[in-house]
Amino acid sequence: MRRSSEPTWSASEALDILREEGADEWLIRHCIAVFGVSVYLASLIMARGRELDMGLVMWGSLLHDLGRTRTHGPEHGYVSGQMLRERGFGRNLVRLVERHVGGGIDAEEASKLGLPKRDYVPETIEEKLVCYADKLIASSKVVPFETALRRYSKLLGRDHPGVERMTRLHEEFGKYVG
Ligand SMILES: [Fe+2]
C-alpha cells in the first residue's frame with residue numbers, strides 16, 4: 001500500500017511495527033523515550049504558536065530507529081527509511097527517519113558509508129526536532145545536550161560538520177529544555 005503521507009497516529013500500530021521487525025526491549029524503551037521528549041518539545045513549540053505536524057513527529061520519533069533491528073551502524077537511519085517505505089509510509093516520514101543520525105549525514109559522508117550519495121541532514125522543523133530529541137536520550141534516560149556533544153565530539157572529532165550541525169540544533173531547540 002502506498003501512502004502519500006503518514007496515516008493517522010496509532011501508538012499500537014507503531015509499537016506493533018517495532019515488535020514485528022524484532023526490536024528488543026532496549027530498543028523499544030529507547031524509542032519511547034525519544035518519542036516522549038519529541039512530543040514534549042513539539043507541544044512547547046506549538047504552544048508558542050509555531051505550527052508543526054504532530055502526527056509526523058509521533059510516527060517519526062517512535063520509528064526513527066527501526067533500522068537498528070538490522071544494523072547499529074550509522075546507516076541505520078537510512079535502513080529505517082527503507083523499511084518504512086516498504087511498508088507504504090510516505091516521503092515525509094521516510095526522510096525524517098533517514099535524517100536523524102548524529103547531527104545528520106552529508107552527501108560526502110553518506111557515500112563513504114556506502115549510502116546513496118545525497119544529504120541526510122535534517123531540514124524541516126519535524127526532522128530537526130526528532131534528531132535533537134534523540135541526542136537528549138542515552139539508552140532510555142534523558143541527558144543534558146552537553147553529554148551528547150561530548151560523546152559525538154569524541155567519536156567524530158570536535159570540528160566535524162555533524163558536531164557543528166548538532167550545536168545549531170541545540171541553539172534552536174535548547175531554549176525549550178533549558
Ligand atoms: Fe538512531
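# Close-ups around helix H7

**View 1. Lysine 128, tucked into helix H7.** With 22 C-beta neighbours inside 10 Å, lysine 128 counts as buried. Here, buried means that 20 or more other C-beta atoms lie within 10 Å of a residue's own, exposed means 12 or fewer, and partly exposed is anything in between, with C-beta atoms placed from the backbone. This is a predicted model, where local features need pLDDT of at least 70 and side-chain atom pairs count only at pLDDT 80 or more, while totals for chains, interfaces and linings use all residues. Residue numbers start from 1 along each chain as its sequence is written. Leaving aside residues up to four places away in sequence, lysine 128 touches Pro122, Leu169 and Glu172; such a contact means that the C-beta atoms, placed from the backbone, lie within 7 Å. Arginine 99 is 29 residues away along the chain, and its C-alpha atom is separated from that of lysine 128 by 8.3 Å.

**View 2. Helix H7 (residues 125-135) and its cover.** Helices (H or I, at least four residues) and strands (E, at least two) are DSSP runs, numbered from the N terminus. H7 is mostly covered, with 10 of its 11 residues buried. Among them are Glu126, Glu127, Cys131, Tyr132 and Lys135. What sits over these buried residues includes H2, H3 and H5, along with strand S1 (137-138), helix H8 (145-156) and helix H9 (161-177).

**View 3. H7 against helix H2 (residues 25-47).** The two helices pack at an angle of about 130°, and their axes are 9 Å apart. That makes H2 oblique to H7. Axes are lines fitted to C-alpha atoms, for helices over the stretch in contact, and angles run from 0 to 180 degrees between N-to-C directions. Angles under 35 degrees count as roughly parallel, over 145 as roughly antiparallel, 65 to 115 as roughly perpendicular, and the rest as oblique. The H2 and H7 crossing is right-handed: a crossing gets that name if the near helix is turned clockwise from the far one by less than a right angle, and left-handed if anticlockwise. On the H2 side, Val34, Val37, Ser38, Leu41 and Ala42 meet Leu129, Val130, Ala133 and Asp134 of H7. Sort the residues of this contact by type and you get seven nonpolar, one polar and one charged. For that sorting, Ala, Val, Leu, Ile, Met, Phe, Trp, Tyr, Cys and Pro count as nonpolar, Asp, Glu, Lys and Arg as charged, and the others, Gly among them, as polar.

**View 4. H7 against helix H3 (54-63).** The axes of H3 and H7 come within 10 Å and cross at roughly 35°. This crossing is right-handed. Leu56, Val57, Gly60 and Ser61 from H3 meet Glu126, Leu129, Val130 and Ala133 from H7. The tally for this contact is five nonpolar, two polar and one charged.

**View 5. The largest nonpolar core.** A nonpolar core is a set of buried Ala, Val, Leu, Ile, Met, Phe, Trp, Tyr and Cys residues joined through C-beta atoms within 7 Å. This one has 33 residues, of which Leu63, Leu93, Leu129 and Ala133 touch the most other members. The elements giving two or more residues to this core are helix H1 (11-20), H2, H3, helix H5 (91-98) and H7. H2 supplies the largest share, seven residues. Leucine 63 touches Ala14, Ile17, Ser80, Leu84 and Val97, not counting residues up to four places away in sequence. A second, separate core of seven residues includes Val79, Ile105, Tyr120 and Val121.

**View 6. Valine 101, in the loop between H5 and helix H6 (107-112).** Valine 101 is buried, with 26 other C-beta atoms within 10 Å. Not counting residues up to four places away in sequence, valine 101 touches Pro74, His76, Gly77 and Tyr120. Valine 130 is 29 residues from valine 101 in sequence, and 9.9 Å away in space, C-alpha to C-alpha.

**View 7. H8 alongside H9.** H8 and H9 pack at an angle of about 170°, with axes 10 Å apart. The two are therefore roughly antiparallel to each other. Phe145, Leu149, Tyr152, Ser153 and Leu156 in H8 meet a set of H9 residues including Val163, Met166 and His170. This contact divides into six nonpolar, five polar and no charged residues. Histidine 170 is partly exposed, with 19 other C-beta atoms within 10 Å.

Conventions:
Two residues are in contact if their C-beta atoms, placed from the backbone, lie within 7 Å.
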